[in-house]
Amino acid sequence: TDATGVRVGANLAVTYASTKPSDESWLMTVSGVPSTGTLSKGARDASSGDWYILVPPGEATTTISVQAGENISGEFPLAVYVTSTKSVEVGSGDDTSIVTKSTTSPASVVSLVVTPVADETFIRAPRFVGKNPDGSEILEDQVDNNGNPIPIKIPISIELPDGGESLDNVVITGLPAGGSIQLKVGGQSAGAAVQSDNTTYTIPGSNFGHTAGSTQGSVEIKSIFEYSPATDLYGKFEDIKIQVTTSDGDVSRTVSFPPGNGKITLNIKSVADAPTLKGADGNAIDPSANGYTAPTILIKTGSGTNFNEDENVDLSGVLSATTGGGDKVGAFLVYLTHSGSGTLKDYLVGRGLIETDGSPNIQLVDVVNNQEVPKGQFVADISADKFMFAVKTGGEANENFSAFLKFPKNFSTGNDPVLLKVSAVSVGDGGTAAEFGGGDL
């Protein structure tokens with residue numbers, strides 16, 4: 001066989017029909033030995049490649065061990081013949097001389113057959129993939145500063161002990177379905193991206209750029225798998241394997257990494273996506289749209305267009321929030337704001353809606369069994385000049401906002417309406433949060 005590192009030779013026995021006379025010199029020639037091969041006896045002629053072996057006196061059979069060398073296979077006809085040389089005296093009397101005469105036997109041909117064996121491929125790859133090349137964690141739907149998706153990079157090195165073998169394919173199993181893998185070799189894309197609607201991705205061996213037979217020595221192919229997962233994908237995936245199939249002639253071999261029961265783990269951290277806010281008409285609100293202006297909503301549910309003093313303002317049915325990708329709507333935020341100059345704190349203190357220490361005189365309540373129940377928590381960030389109610393939801397993907405706004409007793413807006421802005425916050429599976437509009441209402 002031609003297995004790398006295996007030194008198994010074939011024995012060639014040459015038997016002579018007659019015994020070598022003591023006054024003759026026999027030189028055996030063996031031609032057709034592969035250039036990488038060796039014989040256990042004799043010496044090789046560098047020019048012709050033939051091997052020459054001196055036959056000692058009295059030897060009836062010469063046994064030779066033949067090795068074809070590493071990483072070479074096929075059928076090699078070996079021609080074996082013996083040349084007998086003898087010095088004889090010719091002439092008579094004073095006219096005699098010594099001449100050398102030689103005779104060469106007919107050649108015997110025997111075939112040396114070396115069976116191809118696909119060698120074991122060496123694969124090197126990380127067993128845990130959870131970081132980007134810059135050391136940052138791999139995140140759900142990660143993008144760069146320009147909003148371009150950042151693929152997950154998995155380095156892999158494939159070493160072929162026998163460069164004469166072909167690399168048939170590389171199969172990655174256990175990766176989440178619906179993604180794609182772009183092979184990079186030498187920093188350049190190699191072949192088209194491979195997509196899969198299941199957990200198996202097959203990359204053609206030709207994409208790796210190896211030409212079988214370009215060398216009989218070992219070949220190392222360093223590459224990177226750039227995996228682009230499906231949208232909203234996150235979690236820990238612990239059943240990933242890499243399988244490399246190579247061939248030597250008609251003989252193929254598949255090697256898996258990690259070996260045995262070992263597996264590669266991919267960890268993608270969940271990142272919450274900002275929720276979508278919908279108005280009373282059920283249509284989505286997009287604060288990033290060109291020419292967007294926040295809708296002004298009249299919140300009077302009874303007759304007339306104005307609320308009376310000491311009448312709670314019903315905010316139910318005004319807004320809803322929705323999210324997806326495994327995220328949940330975690331909270332609604334009701335911001336107090338104003339359109340005038342000066343700080344918001346001074347404005348709210350001047351209107352009697354908060355105290356100078358930030359404590360509220362305005363309340364957010366629910367009505368349960370005809371009883372008012374406080375709803376949410378008032379948050380006063382005086383240093384940031386931000387004042388709001390944070391209302392925890394039921395933690396579903398779709399949530400409707402409902403509450404009553406209770407003003408201080410005898411409060412009247414006059415000609416200066418109170419302005420509110422309502423936002424929502426989604427919470428991801430990993431504990432991250434994102435606010436509608438990025439908090440810029």
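The following paragraphs lead through this structure from its overall form to its nonpolar cores and then to a few individual residues.

The structure is a predicted model, and its chain is built from one helix and 34 strands. A compact globule of 441 residues would have a radius of gyration near 22 Å, whereas this chain has a value of 43 Å. The box that holds the C-alpha atoms agrees in giving an elongated picture, since it measures roughly 155 × 40 × 35 Å along the principal axes. Among the contacts with a separation of 6 or more, 71% are made by residues that stand 24 or more positions apart. Of the 441 residues, 38% count as buried, and the accessible surface of the chain comes to about 23,400 Å², with 48% of that area belonging to carbon and sulfur atoms. As for charge, the chain carries 28 positive and 51 negative charges, and the mean positions of these two groups are 4 Å apart.

The interior can be approached through the largest nonpolar core, which has 34 residues and in which Val170, Ile172, Phe208, Phe225, Ile242 and Leu266 touch the most other members. Several strands supply at least two residues each to this core, including β12 (152–160), β13 (166–173), β18 (219–228) and β19 (235–248). The largest share, five residues, is contributed by β12. Another core lies apart from this one, and its 31 residues include Leu315, Leu364, Phe387 and Ala403.

Ile242, named above among the residues of the largest core that touch the most other members, shows what such a position looks like in detail. When residues up to four places away in sequence are not counted, Ile242 touches Ile123, Ala125, Ile156, Val170, Val171, Ile172, Phe225, Val255, Ser256, Phe257 and Ile264. One of these partners, Phe257, is also joined to Pro258 by a cis peptide bond, for which omega is about -10°. Pro258 itself is found in the loop between β20 and β21.

Two asparagines stand out by their backbone angles. Asn369, in the loop between β27 (363–368) and β28 (371–374), has a phi near 50°, which is a positive value in a residue other than glycine. Is Asn369 buried or exposed? Because its relative accessible area is 71%, Asn369 is exposed. Asn410 also has a positive phi, near 65°, and is likewise a residue other than glycine; the loop in which Asn410 is placed runs between β32 (404–406) and β33 (419–427). Asn410 has a relative accessible area of 52%, and is therefore exposed, given that the cut-off lies at over 50%.

Two further asparagines in loops can be set beside these. Asn207 has its place in the loop between β17 and β18, and counts as buried because its relative accessibility is 19%, where buried means under 20%. Leaving aside neighbours within four places in sequence, Asn207 is in contact with Leu183, Val185, Ala190 and Gly191. Asn283 is placed in the loop between β22 (276–278) and β23 (284–285), and with a relative accessible area of 48% Asn283 is partly exposed. Beyond its neighbours within four places in sequence, Asn283 is in contact with Leu277 and Lys278. Although 153 residues separate Asn283 from Phe436 in sequence, the two are 15 Å apart in space, C-alpha to C-alpha.

The last two residues of this walk lie in strands. Ser189 belongs to strand β15 (residues 188–189), and counts as partly exposed at 49% relative accessibility. Not counting residues up to four places away in sequence, Ser189 touches Gln182, Leu183 and Lys184. Ser189 and Thr36 are 153 residues apart in sequence, and their C-alpha atoms are 37 Å apart in space. Asn398, for its part, has its place in strand β31 (residues 398–400), and counts as exposed at 53% relative accessibility. Leaving aside neighbours within four places in sequence, Asn398 is in contact with Ala321 and Thr322. The C-alpha atoms of Asn398 and Gly330, which are 68 residues apart along the chain, are separated by 9.9 Å.

How values were computed
Residues numbered from 1 in each chain as written. Predicted model: local features only at pLDDT ≥ 70, side-chain atom pairs only at ≥ 80, totals over all residues. Heavy atoms only, no water. Helix = DSSP H or I, 4+ residues; strand = E, 2+ residues; numbered from the N terminus. Rg over C-alpha atoms; globule rule 2.2 N^0.38 Å. Buried < 20%, exposed > 50% of the residue type's maximum accessible area, 1.4 Å probe, protein only. Contact = heavy atoms within 4.5 Å. Areas by Shrake-Rupley, 256 points an atom, 1.4 Å probe, with all protein chains shown as cover. Lys, Arg positive; Asp, Glu negative; His and termini not counted. Charge placed at Lys NZ, Arg CZ, Asp CG, Glu CD. Core = buried A, V, L, I, M, F, W, Y, C linked by side-chain atoms within 4.5 Å.
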